[in-house]
Amino acid sequence: SLPPSTSSLSSFPTMMPSSSCEDLPNYTYVFFFKEYTCSWFEEKKSRCNRRDNRYNKKVKDICKRSCGSCPTSPPTSEKTGKPSLVPSENPSKIVSSIPSGEPSKAPSDLPTKTLSSYPSLPPSTS
């Protein structure tokens, strides 16, 4: 048997599946009685971080294509030999054996236990 019908419809459309990389059809963001569509956010990407309290989500999660926030392809188990262009959401726990070529910007949380084989420069007096 069919479920009983409801007397009222939802005032908001159902969200699309999270794996989709499309904008929510007919979505409008309301701000001071003015409505903005996903295509407006495409031209104003800096505003995509605004929260829409009707959906309890940021606009970038509703207008994924327009805001440029589509998920990337899932990771593979194959090594490419190239560094990632963006940080990983799940970084590996393995420490790289290849130095970065640049000094770190902050002191290390895990200093080495062995002494350096060469002395550091004396502090400047200026």
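A salt bridge is counted here when a side-chain nitrogen of Lys or Arg lies within 4 Å of a carboxyl oxygen of Asp or Glu. The exercises below apply this rule, among others, to a predicted model.

**Exercise 1.** Determine how many salt bridges the rule yields, and which residues pair with Arg-65.

*Solution.* Under the rule, the count comes to three salt bridges. In one of them, Glu-42 pairs with Arg-65, the closest N and O atoms being 3.5 Å apart, which falls inside the cut-off of 4 Å. This pair links distant parts of the chain, since Glu-42 belongs to helix α1 (residues 38-43) and Arg-65 to helix α2, 23 residues apart. Arg-65 also meets the side chain of Asp-23 in a salt bridge, with an N to O distance of 3.3 Å. Because Arg-65 lies in helix α2 (residues 64-67) and Asp-23 in the segment before β1, the pair ties together parts that are 42 residues apart in sequence.

**Exercise 2.** Classify Arg-65, Glu-42 and Asp-23 as buried, partly exposed or exposed.

*Solution.* The limits needed are under 20% relative accessible area for buried and over 50% for exposed, with partly exposed in between. Arg-65 has a relative accessibility of 41% and therefore counts as partly exposed. Glu-42, at 31% relative accessibility, also counts as partly exposed. Asp-23 has a relative accessible area of 12%, so this residue is buried.

**Exercise 3.** Find the partner of Asp-52, describe the accessibility of both residues, and then state which residues are joined into one network by shared partners.

*Solution.* Asp-52 forms a salt bridge with Arg-54, and the closest N and O atoms of the two are 3.0 Å apart. Asp-52 is buried, because its relative accessible area is 4%, whereas Arg-54, with a relative accessible area of 34%, is partly exposed. Salt bridges that share partners join Asp-23, Glu-42 and Arg-65 into one network.

**Exercise 4.** Identify the residues of the nonpolar surface patch, and locate Phe-32.

*Solution.* The patch on the surface is formed by Phe-31, Phe-32 and Phe-33, which together present about 440 Å² of accessible area. Phe-32 is placed in the loop between β1 (28-31) and β2 (34-37). With a relative accessibility of 69%, Phe-32 lies over the limit of 50% and so counts as exposed.

Notes. Residues numbered from 1 in each chain as written. Predicted model: local features only at pLDDT ≥ 70, side-chain atom pairs only at ≥ 80, totals over all residues. Heavy atoms only, no water. Patch = residues over 30% accessible without salt bridge, like charges linked within 9 Å, V, L, I, M, F, W, Y side chains within 5 Å. Areas by Shrake-Rupley, 256 points an atom, 1.4 Å probe, with all protein chains shown as cover. Helix = DSSP H or I, 4+ residues; strand = E, 2+ residues; numbered from the N terminus. Buried < 20%, exposed > 50% of the residue type's maximum accessible area, 1.4 Å probe, protein only.
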